[in-house]
Amino acid sequence: MDRQTRIPVAVLGATGMVGQRFIELLQGHPWFELVGLGASERHGGRTYAEVSRWRLSGSEMPASAARLPVVPCRPEALGGAKIVFSALPPEVAGDIEADFARAGVAVFSNAKNYRMAADVPLLIPEVNADHAAAIHEQRKQRNWSGYIITNANCSATPLVMALKPLQEAFGVKKVMVTTLQAISGAGYPGLSSYDILDNAIPYISGEEEKVERETLKMLGRWDEGYGFTDAAMVVSAHCNRVATREGHLECA
Ligand SMILES: NC(=O)c1ccc[n+]([C@@H]2O[C@H](COP(=O)([O-])OP(=O)(O)OC[C@H]3O[C@@H](n4cnc5c(N)ncnc54)[C@H](OP(=O)(O)O)[C@@H]3O)[C@@H](O)[C@H]2O)c1
C-alpha cells in the first residue's frame, strides 16, 4: 500500500499510556496513516506537543503526532478517520466507542467495556480470526454502519496464544495460571511508590475474572445464527503486581 492509499486512522485517549503506544506503533505503518488524536475536552484543540508529555522509554514523540491538534473524542471532530484505535478509560469508552461505530467507523478497542458482549469479537488474529464474523450480527442488531472489535486483557492474550496449539493438538481441560504483572498495566501515574517498591501485591482488582472469562471466550467458538460458545475448560488465575516497569510474566 503506498502513501496515497493508506487508511486514515485516529487514536482515542491519545495522551494516555496506551494511546502513546498506539501512536508509536502507527509511525511509518505500511497500511495506516495517523490523521487524528482525541482525548478529553480540556485540551481545546492545542497540538499534541503542547498538551502531552511523552512517557514511553526508548522512543521520542513522533513529529507527525506532535503537530496534530488534540480534539474531543467525537465522530464529527475526527471526521477523516475510517478506523479509530481506542485507549479510553472504561468510564467513558462505552458511549464514545458506540458513537463512532454508529457513525460508520471501525473501532478497535483496548477498553474492557464490550469484550464480553454477545456480538463483539474479542480478537487475536492468530487464534480466533473467524470470530470477526460476529461483526455482521453486531451491525444488524445494533443498526450500526461501523463496528467494534476488542482486544483482550494483557495477561489473557499471551496465555491464549500459548494454549491454542495445545488445545488443538491435545485438548485442554484445566488451566492454572499465575501472573507477575508490571506496573505499566496500571496506567499513568499508576501505583504509589510506597505500595509497590520492594513489594509484590497479590491482588489486582478485576484482573483474575478478566483472565478467566476472556480466555474461555477467545478459545471458544463463533457459530453464525447461534453466537459464541465458551471453550469447555476451567481456568483459574492468580494475578500479582510486581515492581517491574514493563513486561508481564506468567506461569501456567
Ligand atoms: N489491553 C491491555 O493490555 C491494556 C493494558 C492497559 C490498559 N488497558 C486499557 O486501555 C485503556 C487506557 O489505559 P491507559 O493506562 O492508557 O489510561 P490513561 O493513561 O489514564 O489514559 C486515558 C486517556 O483517556 C483520555 N480521557 C480521559 N477521560 C476522557 C473523556 N471523558 N473523554 C475523552 N478522553 C478521555 C485521557 O485524556 P486526557 O489527557 O484528556 O485526560 C487519556 O488520553 C483503559 O481502558 C485500560 O483499561 C488495556
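A pocket, as the term is used here, is an open set of grid points, on a 1 Å grid over the protein atoms alone, with protein on both sides within 12 Å along at least five of seven lines. The structure above is a predicted model, and its largest pocket offers a convenient route into the fold. About 1800 Å³ of space lies in this largest pocket. Fifty residues would be a long list to recite, but among the 50 that line the largest pocket, Val18, Asn110, Arg115, Asn151 and Cys154 are the closest to its centre. Two or more lining residues come from each of α1 (17–26), β5 (106–109), β6 (147–150), α7 and α9. Of the elements, α1 gives the most to the lining, with six residues. In character, the lining residues divide into 24 nonpolar, 18 polar and eight charged.

The pocket can next be placed within the overall division of the chain. The domain assignment gives domain 1, residues 3–113, and domain 2, residues 156–251. The lining of the largest pocket draws at least three residues from each of these two domains. Between the C-alpha centres of domain 1 and domain 2 the distance is 26 Å. Direct contact between the domains involves six residues of domain 1 and five residues of domain 2.

Helix α1 deserves attention next, as the element that gives the most residues to the pocket lining. Its buried residues are Met17, Gly19, Gln20, Phe22, Ile23 and Leu26. The cover over these buried residues includes β1 (7–12), β2 (32–39), α2 (48–51), α3 (63–66) and β4 (83–86). Glu24 also lies in helix α1. Glu24 counts as partly exposed because its relative accessibility is 23%, and the buried class is reserved for values under 20%. Not counting residues up to four places away in sequence, Glu24 touches Trp54, Leu56 and Ser59. Glu24 and Leu122 are separated by 98 residues in sequence and by 23 Å in space, C-alpha to C-alpha. After α1 comes Gly28, which has a positive phi near 65°.

Strand β5 is another element of the pocket lining, and Ser109 lies in this strand. Ser109 has a relative accessible area of 2% and is therefore buried. When its neighbours within four places in sequence are left aside, Ser109 is in contact with Ser86, Glu97, Ile149, Thr150 and Asn151. Asn151, one of these contacts, is also among the residues closest to the centre of the largest pocket.

Helix α9 likewise gives residues to the lining. Spanning residues 207–218, α9 has 12 residues and reaches 16 Å from its first C-alpha to its last, close to the 16 Å expected at 1.5 Å a residue. The buried residues of α9 are Glu207, Val211, Glu214, Thr215, Leu216, Lys217 and Met218. These buried residues pack against α5 (125–128), α7 (156–169), β7 (174–181), β10 (227–229) and β11 (234–242). Glu207, found in this helix, is classed as buried because its relative accessible area is 7%. Apart from neighbours within four places in sequence, Glu207 is in contact with Asn153, Cys154, Ser155, Gln181 and Cys239. Cys154, a contact of Glu207, is also one of the residues closest to the centre of the largest pocket.

The remaining points concern backbone geometry in the loops. The peptide bond from Tyr188 to Pro189 is cis, with omega near 10°. Pro189 is placed in the loop between β7 and α8 (193–196). Asn143, which is not a glycine, has a positive phi of about 60°. Asn143 belongs to the loop between α6 (134–142) and β6. With a relative accessible area of 67%, Asn143 is exposed, the cut-off for that class being over 50%. Asp198 is also a residue other than glycine with a positive phi, near 60°. The loop between α8 and β8 (200–201) holds Asp198. The relative accessibility of Asp198 is 85%, so this residue counts as exposed.

Conventions: Residues are numbered from 1 along each chain as its sequence is written. This is a predicted model: local features need pLDDT of at least 70, side-chain atom pairs count only at pLDDT 80 or more; totals for chains, interfaces and linings use all residues. Side-chain values use heavy atoms; hydrogens and water are left out. Helices (H or I, at least four residues) and strands (E, at least two) are DSSP runs, numbered from the N terminus. The expected span of a helix is 1.5 Å times one less than its number of residues. Buried means under 20% relative accessible area, exposed over 50%, partly exposed in between (1.4 Å probe, protein chains only). Contact means heavy atoms within 4.5 Å. On a 1 Å grid over the protein atoms alone, a cavity is a set of points where a 1.4 Å probe fits but cannot get out, and a pocket is an open set with protein on both sides within 12 Å along at least five of seven lines; lining residues have an atom within 4 Å of a point. Grid points are joined across faces, edges and corners, and a volume is the space filled by probe spheres set on the points. Ala, Val, Leu, Ile, Met, Phe, Trp, Tyr, Cys and Pro count as nonpolar, Asp, Glu, Lys and Arg as charged, and the others, Gly among them, as polar. Domain bounds come from an automatic or database domain assignment.
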